[in-house]
Amino acid sequence: MEDDYYVSSEDEGCYDEEDNDREDNLEEEMMAYVESETPKCEVSSTKVISKESLLAAQRGDVQRVMDVLSLKEYHARTLLIHYRWDVDKVLAVYVERGKELLYEKAGVTMEEHDTSQLSSEVMCDICMEEIPANEVTVMDCNHCFCNKCWTEHFIVKINEGQSRRIKCMAHKCNAVCDEAIIRSLVSARDPNLAEKFDRFLLESYIEDNRKVKWCPSVPHCGNAIRIEEDELIEVQCACGKQFCFRCLCEAHSPCSCQMWEQWLKKCVDESQTVNYISVNTKPCPKCNKLVNKDGGCNLVTCICGQPFCWLCGAPTGADHTWDSIAGHECGRFKEVEETDLEQTKKDLFRYTHYFNRYQAHKDSLKLEATLKETVERKIKYLEENLSSSKDYSWAINAINRLFRSRRIIVYSYPFAYHMFGDLFKKERTSEQKTIKQNLFEDQQQQLEASLEKLSMLTQEPFEHYSEEKLHDLKLRMMNLSSLVDKLCLKLFECIEYDLLGKLQFSVHRIVSYNSDGVEKASEINSLSGF
């Protein structure tokens, strides 16, 4: 099984300067690779919804339901709000369970009512007053109350944040009120509140929609992202923010959302500092100040003057001999305490190992962020001074590959910390854990080594190279970029199939490897909503 995921270092040596035929073939292969790396005009499965296109996006879904079920706009919106803006779910319930049950569950009432049959005055069952017929309103459910009572009801519900589905006031009536009537009555009393009602209805498309979420950028860019299928996807907003759609954290593959959440908690939690303090200090039993033991004697004295036993922490007398401490006898040192202490030290050391490497690669990613501008300046210089070649896309592709792969290495360390820690200790034996860990670390180290080589190549001053030396660098950089891409894929396959895929009692899913990096969401059409 290990061979399936292992890429030999011999792959790096596929370029031979002395073999011209082989060099020509290799160059053809590498040019094909460059073409595959070049972004293509494909339609993204994720969409950016801006403030301007939000209304169009909502109307697009509403119109689909209106066309299929022949409904009024507010009835279609009521159905969609109830089913969390899942058009496919609405249509599936309609086909499987029928129109009547579909409407009943959502509070949509299609009863016909004739207001001309009302007498000149109507008794309002809320305020118990006789009200002129022109001052009452009948909803689709045929319940009739005075406009004043309706208005008060609507205002209370809007202020309570329930404006998305304001139901009829009648006892046990599940019908949702006509939003046009709500808007008309509320605006007559408080135009600002009517605007708030409309805003809530509009934002319902995002707040209640499992396929749409606000971009988590800070400060907020005002955009939302809409996906089509699986919510386990990493996406880039138009503002440049890359994030995991499921948990709204930064893009963190190959970590699962659960692992990343626990890693963040581990990093911000002061528990590691507490662990260090618990290993190296003891609280004074009198003043509770922390005391550090700087000698070999187990009788320590706090600055407050209180002597106590370092082994058990109990207060003692100040006198002691080689055999005992005056006024104190704690017996034998407990093996359990020694074991706990050693385990705490081991846990702290293990966490530090993974965190230091995680942070080091994260720092490298930040420093390499300016590298693209540097390479672009070198390319511009070459285009102006070297006429034999005008295609330097291989250099930009190498930079992009470097960034994508560096991110994978960054998040592979939090993954390894949890994967081979206590999180899954019930899922495997110690021997199985060792085998799996060696398999993963082999893949990780190969990727890491190749990545550092690629980083060094991208920093070479190739703008001053001769054409022959530039050609040589081009082939080396393309070859290494291809190798890094393969190693990233192998690492993800190892994680998905050999590690997470073998779990029996836990379900941890990660975003599948995408050679092109995080998917960029495309702008939504502000006219059609698609």
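**Entry 1: Ser405**

I started with Ser405, which sits in helix 13, residues 393–419. The model is a predicted one, and I kept that in mind throughout. I asked whether Ser405 is buried or exposed. Ser405 has a relative accessible area of 0%; the cut-off for buried is under 20%, so Ser405 counts as buried. I then looked for what its side chain touches. The side chain of Ser405 reaches the backbone oxygen of Arg401, at a distance of 2.8 Å.

**Entry 2: Asp208**

Next I went to Asp208, which I found in the loop between helix 8 (191–207) and strand 6 (212–214). Its relative accessible area is 15%. With the limit for buried at under 20%, Asp208 is therefore classed as buried. Which side chains make polar contacts with that of Asp208? I noted Arg164, whose side chain is joined to that of Asp208 by a polar contact of 3.0 Å. I also noted Ser204, where the side-chain contact with Asp208 is 2.8 Å.

**Entry 3: the sheet with strand 6**

From the loop of Asp208 I moved on to strand 6, the element at the end of that loop. Strand 6 belongs to an open sheet of four strands in the order 6-7-1-15, and the pairing in this sheet is mixed. Strand 6 and strand 15 (522–523) are the edge strands, each pairing on one side only. I checked how strand 6 meets strand 7 (residues 224–226): the two run antiparallel and are joined by three bridges. Across this pair, Trp214 stands opposite Ala224 of strand 7.

The connection between these two strands holds a proline, Pro219, in the loop between strand 6 and strand 7. I looked up the peptide bond from Val218 to Pro219 and found it cis, with omega near -5 degrees. For reference, most peptide bonds are trans.

**Entry 4: the sheet with strand 8**

I then turned to an open sheet of three strands, in the order 9-8-14 and with mixed pairing. Why does one side of strand 9 lack a neighbour in the sheet? Strand 9 (242–244) is at an edge and has a single partner strand, so one of its sides is left without a neighbour. The same holds for strand 14 (519–520), which stands at the other edge with a single partner.

For the pair of strand 8 (residues 234–236) and strand 14, I recorded the parallel sense and two bridges. Here Val235 stands opposite Glu519 in strand 14.

**Entry 5: the loop after strand 9**

I followed the chain into the loop between strand 9 and helix 9 (257–268), where Pro254 is found. The peptide bond from Ser253 to Pro254 is cis, with omega near 15 degrees.

Leu248 is in the loop between strand 9 and helix 9 as well. I looked up its phi, which is near 65 degrees, a positive value in a residue other than glycine. Most residues other than glycine have a negative phi. Leu248 has a relative accessible area of 34% and is partly exposed.

**Entry 6: the end of helix 2**

Where does Ser70 lie? I placed Ser70 in the loop between helix 2 and helix 3 (73–82). Its phi is near 55 degrees, again positive in a residue other than glycine. The relative accessible area of Ser70 is 62%; exposed means over 50%, so Ser70 is exposed.

I also checked Val68, which is found in helix 2 (residues 51–69). Val68 is partly exposed, at a relative accessible area of 47%. Between Val68 and Leu91 I noted a separation of 23 residues in sequence and 8.4 Å in space, C-alpha to C-alpha.

**Entry 7: helix 14 and helix 15**

Last, I looked at a helix pair. Two packed helices are described by the angle between their axes and the distance between the axes. The axes of helix 14 (residues 430–458) and helix 15 (residues 467–499) come within 9 Å, and they cross at roughly 155 degrees. An angle over 145 degrees counts as roughly antiparallel, so I entered helix 14 and helix 15 as roughly antiparallel to each other. The crossing of helix 14 and helix 15 is left-handed. I then asked how the residues of the contact between helix 14 and helix 15 divide. I listed 17 nonpolar, six polar and five charged.

Conventions. Residues numbered from 1 in each chain as written. Predicted model: local features only at pLDDT ≥ 70, side-chain atom pairs only at ≥ 80, totals over all residues. Heavy atoms only, no water. Pairing = 2+ DSSP bridges. Axes fitted to C-alpha atoms, helices over the stretch in contact; angles between N-to-C directions. Parallel < 35°, antiparallel > 145°, perpendicular 65-115°, else oblique. Left-handed = near helix turned anticlockwise from the far one by under 90°. Nonpolar A, V, L, I, M, F, W, Y, C, P; charged D, E, K, R; others polar. Buried < 20%, exposed > 50% of the residue type's maximum accessible area, 1.4 Å probe, protein only. Polar contact = N/O pair within 3.5 Å; in protein donor to acceptor, adjacent residues only side chain to side chain.
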